[in-house]
Amino acid sequence: MKTTEIRIIVHEYQNIDELTENDQNLLHEARRITEFAYAPYSGFHVGAAILLGNGIIIKGNNQENSAYPSGLCAERVALFYANANYPDSEVKTIAISAAKNGVLVNEPVKPCGSCRQALAETEVRFETPIRIILDGQTSIMVLNGMKSLLPLSFSKKDL
Ligand code: THU
């Protein structure tokens, strides 16, 4: 028997002003797009802003449905639009924000398992680590790659 430890590194910032100008800009875009989320069932408004290698920023928000599973998270709305329209451009960074009743959530918002899997696919596809910025009142977390958010992930290499 052998035991190994998998470590992940999370950078935490107390305030948006501590981020680089590019990251601040991306996070502001994510915060802004929460306002257009269609979330009448949960009241949980999520926004995602993606910086592509070509410099373009793609935004998305959660789109709910009365048939609940037909809805989609903000991260995948943005990611699939990016991959559909810019199939040759890698995803450099994704910033994610969330608001309840118009107020930024306390704890940094964490993407669901399906969104993690979709982001991991894109990271493998473009062979470029995706930086992830998770927004919250208490702190803003920055992770330098999907391996930190989804260790031991399944990918095409396993097929
Ligand atoms: N949601 C997202 O859009 N992204 C996340 O990271 C977590 C959850 C959405 C799905 C649903 O519309 C609402 O938030 C409540 O789960």
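**Exercise 1. The ligand site**

How far does a polar side-chain atom of Glu 64 lie from an oxygen atom of the ligand? Describe the surroundings of the ligand in this predicted model.

*Solution.*

Step 1. The distance from a polar side-chain atom of Glu 64 to an oxygen atom of the ligand is 2.5 Å.

Step 2. The side chain of Glu 75 also takes part: one of its N or O atoms is 2.5 Å from an oxygen atom of the ligand. Ala 74 contributes through its backbone, with an N or O atom 2.9 Å from a ligand oxygen. The ligand on its own exposes 380 Å², of which the protein buries 75%.

Step 3. The residues around the ligand are Ser 42, Phe 44, Val 46, Asn 62, Glu 64, Cys 73, Ala 74, Glu 75, Lys 110, Pro 111 and Cys 112. Sorted by class, this shell holds six nonpolar, two polar and three charged residues.

Step 4. In terms of secondary structure, strand E2 (44-52) and helix H2 (74-85) each provide at least two residues of the shell.

**Exercise 2. A salt bridge between helix H1 and strand E3**

State which parts of the chain the salt bridge of Glu 29 and Lys 59 ties together, and assign each partner to an accessibility class.

*Solution.*

Step 1. The side chains of Glu 29 and Lys 59 form a salt bridge with an N to O distance of 3.6 Å. Glu 29 belongs to helix H1 (residues 21-33) and Lys 59 to strand E3 (residues 57-61), so the bridge ties together parts that are 30 residues apart in sequence.

Step 2. The cut-off for a buried residue is a relative accessible area under 20%. Glu 29 has a relative accessibility of 17% and therefore counts as buried. Lys 59, with a relative accessible area of 40%, is partly exposed.

Step 3. The pair also has a wider setting: Glu 29, Arg 32 and Lys 59 are linked in a network of salt bridges.

**Exercise 3. Two further salt bridges**

The structure holds five salt bridges. Analyse those of Arg 31 with Asp 135 and of Glu 90 with Lys 92.

*Solution.*

Step 1. The side chains of Arg 31 and Asp 135 meet at 2.7 Å, N to O. This pair links distant parts of the chain, 104 residues apart: Arg 31 is in helix H1, whereas Asp 135 is in the loop between strand E6 (131-134) and strand E7 (140-144).

Step 2. Is each partner buried or partly exposed? Arg 31 has a relative accessibility of 25% and counts as partly exposed. Asp 135 has a value of 0% and counts as buried.

Step 3. Glu 90 and Lys 92 meet through their side chains at 3.9 Å, N to O. Glu 90 is partly exposed, with a relative accessible area of 21%. Lys 92 counts as partly exposed at 37% relative accessibility.

**Exercise 4. The aromatic pair**

Classify the geometry of the ring pair of Tyr 41 and Tyr 68, and locate both residues.

*Solution.*

Step 1. The count of aromatic pairs comes to one. The ring centres of Tyr 41 and Tyr 68 are 5.6 Å apart and the planes stand at 45 degrees, so the pair is tilted.

Step 2. Tyr 41 is in the loop between H1 and E2, and Tyr 68 in the loop between E3 and H2, so the pair ties together parts that are 27 residues apart in sequence.

Step 3. Tyr 41 is partly exposed, with a relative accessible area of 42%, whereas Tyr 68 is exposed at 59%.

**Exercise 5. Loop and segment residues**

Describe the backbone and surroundings of Glu 127, Leu 152 and Asn 101.

*Solution.*

Step 1. Glu 127, a residue other than glycine, has a positive phi near 50 degrees. Glu 127 is in the loop between helix H3 (113-126) and E6, and its relative accessible area of 74% makes it exposed.

Step 2. Leu 152 is not a glycine either, yet its phi is positive, at about 55 degrees. Leu 152 lies in the segment after helix H4 (146-149) and counts as exposed at 79% relative accessibility.

Step 3. Asn 101 is in the loop between strand E4 (91-100) and strand E5 (103-104). Asn 101 is exposed, with a relative accessible area of 77%. From Asn 101 to Phe 44 the C-alpha to C-alpha distance is 7.8 Å, although the two are 57 residues apart in sequence. Phe 44 is one of the residues around the ligand.

Key:
Residues are numbered from 1 along each chain as its sequence is written. This is a predicted model: local features need pLDDT of at least 70, side-chain atom pairs count only at pLDDT 80 or more; totals for chains, interfaces and linings use all residues. Side-chain values use heavy atoms; hydrogens and water are left out. A residue is near a molecule or strand if one of its heavy atoms lies within 4 Å of it. A polar contact is a pair of N or O atoms within 3.5 Å; within protein, one must be able to donate a hydrogen and the other to accept it, and residues adjacent in sequence count only if both atoms are side-chain atoms. Accessible areas come from the Shrake-Rupley method with a 1.4 Å probe; for residues, only the protein chains shown count as cover. Helices (H or I, at least four residues) and strands (E, at least two) are DSSP runs, numbered from the N terminus. Ala, Val, Leu, Ile, Met, Phe, Trp, Tyr, Cys and Pro count as nonpolar, Asp, Glu, Lys and Arg as charged, and the others, Gly among them, as polar. A salt bridge is a side-chain nitrogen of Lys or Arg within 4 Å of a carboxyl oxygen of Asp or Glu. Buried means under 20% relative accessible area, exposed over 50%, partly exposed in between (1.4 Å probe, protein chains only). Rings of Phe, Tyr and Trp (its six-membered ring) pair if their centres lie within 6.5 Å; planes under 30 degrees apart count as stacked, over 60 as edge-to-face and the rest as tilted.
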